[in-house]
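Subject: Structure for you to look through

Hello,

Here is the structure I said I would pass on. Please open it beside this message and follow along.

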Amino acid sequence: MSEPSAAQRISIVAAYGSLCGLLLVPLLVVLDSAAAGLRGWSPRLAGTFGLLAYVAAGALLGGLVLASVSLHLRTWLAGNRSGCWVFGAASLLALIGAEGALDYLWPSPPFHLRTPQTRYVFEPEVFQLPGTSAVAQVSYNAHGIRGADWLDRAATYRMLCLGGSTTECIYIDDAATWPALLAAKVPRVADRNTWVGAAAVSEFGTEQHLRFMRESPLVGQVDCVIALVGVNDLVGAMLRLDARSATAPHWLKSRSIELGRYLWNGRLHAGYYYDHDGSTLRLRRLGRLVLPPGDFDLARETQEYSRRLRDLVEAAQARRVRLLLVTQPVLWNEFLGEEAAKRLWLARAELRPRSFQPAEIVRWRKMIDEFNAATFEVGRATGAEVVDAAASLSGWEANFYDDYHLNCRGCEQLAQVLAAWLREHTVPGPAVPVQP
């Protein structure tokens, strides 16, 4: 076979250049995903929508294969360079325009909050989510906070609960969440009526709480922030979850993807957040791959967690808001019975027919105990208030429906612990445990 002439080589280069123009959007998605991959991101961390990275890569690969085997396609591409790049540029501009239109027509909720004035109804399956509400109404007020609209500022002691899914309490009815129960148990603080709400987003940890504490105007309108912290930092470190740091590609943070998530989850009920009966959680229990990264270092992660907690305390002090750090209670207990062990999706108590070795309950309990100990150490070093919920709730299967999510009884117990602390400390107190 003779070598291609200079003109033929130029034509081939022009054809592949035209292909890049034609597939400009998939090309940018792949490059953005590759850059995020170098920062530790993986499409599997983004759930269903992470598959779009593979779709984009497949489109590019398919185009390259077709151009390689089809002389007619290469000839057409080489002869339509301008048209291919115009098409690619127009597609990109259309997406940019859609981003701007969505920002105007469908504004996203502020950071660390949910869509304001929304309401969802869940009917958790009692065998999958034991102890949760039979019908859970989940309501968000005008600020995107779970709870009622807040009362007059001058006459109200406002407490804002900060956390992830253990604070948001998705499968618990509005009236039975621990923030709502806390308001009922402590109707007055410092001679003022109380208001308690939850600014919580699943998988958010201290990194996100710190940003919220520093930036959110809502912090300046409350008297006290109660932060239930620990487990999302640990799980984020172990599983390299996306929410733990800003490693995700830019396209995955776009408003178009956000709208797609809303339609996929909210309208089609195909995601975990809108998993109205817990069936998705059941599948997660069966299929979760518990594979800690090879470079996981508990001492290093605990030190980083402590640093973020100190920053959180400093941010609260700078905003002149009272901060209560709450240690993270968990179900993990080496003496769990067989039925309770089946609730776990991270710390499996029994081997499954899988090719990997699941993390043991004892190991997970040791790690969260280290994180909780770090919370107390930060409290002693900074003078921040620390309420030890873990000492009272951890290990009791009646309090949890899985590894660390509280059921109705668990919410009742946590509210009781916090209420006891607030009744004993109408002004900020020392970082020592409180017994309910």
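To start with one residue: in which helix is the place of Leu-64? Leu-64 lies in helix α3, which covers residues 51–69. Please keep in mind throughout that this is a predicted model.

Is Leu-64 buried or exposed? Neither word fits, because its relative accessibility is 40% and Leu-64 therefore counts as partly exposed. Apart from neighbours within four places in sequence, Leu-64 is in contact with Tyr-16 and Leu-19. Cys-20 is 44 residues away from Leu-64 along the chain, and the C-alpha atoms of the two are separated by 9.4 Å.

Now the whole protein. There are 16 helices and 8 strands. Of the 436 residues, 50% are buried. The exposed area is about 20,300 Å², and 60% of it is supplied by carbon and sulfur atoms. If you take contacts between residues at least 6 apart in sequence, 79% of them join residues at least 24 apart.

Next, the main sheet to look at. Strands of a sheet pair through backbone hydrogen bonds, and the pairing is either parallel or antiparallel. Here an open sheet of 6 strands runs in the order β4-β5-β3-β6-β7-β8, with mixed pairing. The edges are β4 (188–189) and β8 (385–387); each has a single partner strand, so one side of each has no neighbour in the sheet. Helix α8 (residues 206–215) packs on this sheet and touches β3, β5, β6 and β7. The direction of α8 makes about 145 degrees with that of β3.

How many residues of strand β3 are buried? The count is 8 of the 8 in residues 156–163, so β3 is largely enclosed by the rest of the structure. In a regular strand the side chains alternate between the two faces of the sheet. In β3 both faces are covered: Thr-156, Arg-158, Leu-160 and Leu-162 are buried on one side, and Tyr-157, Met-159, Cys-161 and Gly-163 on the other.

The pairings of β3 can be followed in both directions. With β5 (residues 192–200), β3 runs parallel and shares 8 bridges; Gly-163 has Ala-200 of β5 as its bridge partner. With β6 (residues 224–228), β3 also runs parallel, through 4 bridges, and Leu-162 stands opposite Ala-227. From β6 the sheet goes on to β7 (residues 322–326), joined to β6 by 5 bridges and again parallel. One bridge there pairs Ile-226 with Leu-324 of β7.

Strand β1 (residues 119–122) makes a useful contrast. Tyr-120 and Phe-122 form a covered face of β1, while Arg-119 and Val-121 form an uncovered one. Strands β1 and β2 (residues 136–139) run antiparallel and are joined by 4 bridges. Phe-122 of the covered face stands opposite Ala-136 in β2.

Last, a helix with two sides. Which residues of helix α4 (residues 71–79) are buried? They are Arg-74, Leu-77 and Ala-78. Seen down the axis of α4, these fall within an arc of 100 degrees, so they line one face of the helix. On the other side of α4, the exposed residues are His-72, Thr-75 and Gly-79.

Regards

Key: Residues are numbered from 1 along each chain as its sequence is written. This is a predicted model: local features need pLDDT of at least 70, side-chain atom pairs count only at pLDDT 80 or more; totals for chains, interfaces and linings use all residues. Side-chain values use heavy atoms; hydrogens and water are left out. Buried means under 20% relative accessible area, exposed over 50%, partly exposed in between (1.4 Å probe, protein chains only). Contact means heavy atoms within 4.5 Å. Accessible areas come from the Shrake-Rupley method with a 1.4 Å probe; for residues, only the protein chains shown count as cover. Two strands pair if DSSP finds at least two bridges between them. Axes are lines fitted to C-alpha atoms, for helices over the stretch in contact, and angles run from 0 to 180 degrees between N-to-C directions. The arc is that of the directions from the helix axis to the C-beta atoms.
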